[in-house]
Amino acid sequence: MSQADEGMKLFKPEAEIMFDTDGASNFKLLHEAAIKEKQDQAEKLTGKQNKNARSEIGKQVQSMKADPMYIDACKVVKGLESPNGNWMTKTEVEAAKKGGYATEAPVEAQPKTLAKKEKEKKEPKKQESGGLSKAEKDELDKLKEDIIKRKAELKEQGLSGGQCNKDPQVLTWVQRMQELKIKENPLGLDGDGNKEDDKKKKEKKVSSAEKIALEKKIEDYRLSLKADFAYTDKDIKNDPDYQELLKELAKHK
């Protein structure tokens with residue numbers, strides 16, 4: 001190697017890293033609490049009849065531990081560079097070609113903190129939709145509770161899961177619930193081609209934490225139908241709320 005090449009090493013750009021330690025620490029605590037909750041849930045599912053449920057929860061726990069954001073958070077709280085680029089911002093110090101003085105020049109600084117992702121994801125939605133009012137959100141929550149209670153009453157009367165779903169009162173509540181959900185997230189309505197492309201991009205940005213939370217909600221609801229209402233697997237598949245949750249989960253894949 002020539003002396004000129006050796007000399008150029010002195011002006012090689014150096015990376016400067018800024019860690020979002022607070023964000024990483026908060027995410028790590030919340031994520032580990034969710035993992036612990038899953039593990040506690042699995043411990044309560046004793047007996048041979050709950051073998052499949054325990055296995056499913058075990059898979060979810062492994063998926064949570066393999067979450068890139070969680071792996072990166074564990075690194076950043078220790079002051080180490082995250083392998084997937086989350087929870088840190090990297091810039092490069094570039095030496096001037098003439099004069100030999102170093103000047104700081106940010107090069108494609110791409111912070112990947114959760115707060116940044118949430119901001120980019122939520123702001124466009126606010127422009128396209130006003131969302132639900134507090135009263136409408138309360139109504140949506142109450143509808144879900146009323147549907148579950150009504151199905152339980154019908155189940156006690158000897159009706160099957162399919163018959164419960166065809167109950168006039170249940171159908172009315174489900175229709176109203178769907179109306180509120182469409183108003184809450186109208187992105188599925190007709191739009192021009194560009195908006196459709198933007199929608200697909202936004203769906204891909206849904207965080208792993210939200211997907212895991214939805215999976216937990218689905219599993220809890222499934223177990224509740226089995227334990228509280230004695231639903232069969234076929235009944236559960238025909239349950240409108242369960243179907244809605246699966247549709248939501250499919251959007252995150």
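Of the 253 residues in this protein, 29% are buried. The model you're looking at is a predicted one, so keep that in mind as we walk through it. As for the overall make-up, there are twelve helices and three strands. Take the contacts between residues at least 6 apart in sequence: 65% of them join residues at least 24 apart.

Let's start with a pair of helices. Two packed helices are described by the angle between their axes and the distance between the axes. Find α6, residues 134-156, and α8, residues 168-184: their axes come within 10 Å and cross at roughly 155°. The two helices are therefore roughly antiparallel to each other, and their crossing is left-handed. On the α6 side, the residues making the contact include Leu-140, Leu-143, Ile-147, Lys-151 and Leu-154. From α8 come, among them, Val-170, Trp-173, Val-174, Met-177 and Leu-180. Sort the contact residues by character and you get nine nonpolar, one polar and ten charged.

One of those charged residues deserves a stop. Is Lys-151 buried or exposed? Lys-151, which sits in helix α6, counts as buried because its relative accessibility is 1%, and the cut-off for buried is under 20%. And what does Lys-151 touch, once residues up to four places away in sequence are set aside? The list runs to Cys-164, Asn-165, Val-170, Tyr-221, Tyr-231, Asp-239 and Pro-240.

Helix α8 also holds Ile-182. With 47% relative accessibility, Ile-182 counts as partly exposed. Its C-alpha atom is 9.9 Å from that of Leu-132, although the two residues are 50 apart along the chain.

Now move on to a second pair, α10 (residues 208-229) and α12 (residues 240-251), whose axes come within 10 Å and cross at roughly 160°. That angle makes α10 roughly antiparallel to α12, and α10 passes α12 in a left-handed crossing. Lys-211, Leu-214, Glu-215, Lys-217, Ile-218, Tyr-221 and Arg-222 make the contact from α10, while α12 brings Asp-241, Tyr-242, Leu-245, Leu-246, Glu-248 and Leu-249. These contact residues divide into seven nonpolar, six charged and no polar.

What about the nonpolar interior? In soluble globular proteins, nonpolar side chains tend to be buried together. Here the largest nonpolar core has 21 residues, and Ile-218, Leu-225 and Tyr-231 touch the most other members. Both helix pairs feed into this core: α6, α8, α10 and α12 each supply at least two of its residues. Ile-218 is a good one to click on. Leaving out residues up to four places away in sequence, Ile-218 touches Tyr-242, Leu-245, Leu-246 and Leu-249. Apart from the largest core lies another, of nine residues, including Ala-42, Leu-45, Ala-53 and Leu-223.

To finish, look at helix α3, residues 51-65, which contains Gln-60. Gln-60 has a relative accessible area of 9% and is buried. Which residues is Gln-60 in contact with, leaving aside its neighbours within four places in sequence? They are Lys-38, Glu-215 and Glu-219. Glu-215 should ring a bell, as it is one of the α10 residues in the contact with α12.

Notes: Residues are numbered from 1 along each chain as its sequence is written. This is a predicted model: local features need pLDDT of at least 70, side-chain atom pairs count only at pLDDT 80 or more; totals for chains, interfaces and linings use all residues. Side-chain values use heavy atoms; hydrogens and water are left out. Axes are lines fitted to C-alpha atoms, for helices over the stretch in contact, and angles run from 0 to 180 degrees between N-to-C directions. Helices (H or I, at least four residues) and strands (E, at least two) are DSSP runs, numbered from the N terminus. Angles under 35 degrees count as roughly parallel, over 145 as roughly antiparallel, 65 to 115 as roughly perpendicular and the rest as oblique. A crossing is left-handed if the near helix is turned anticlockwise from the far one by less than a right angle, and right-handed if clockwise. Contact means heavy atoms within 4.5 Å. Ala, Val, Leu, Ile, Met, Phe, Trp, Tyr, Cys and Pro count as nonpolar, Asp, Glu, Lys and Arg as charged, and the others, Gly among them, as polar. A nonpolar core is a set of buried Ala, Val, Leu, Ile, Met, Phe, Trp, Tyr and Cys residues joined through side-chain atoms within 4.5 Å. Buried means under 20% relative accessible area, exposed over 50%, partly exposed in between (1.4 Å probe, protein chains only).
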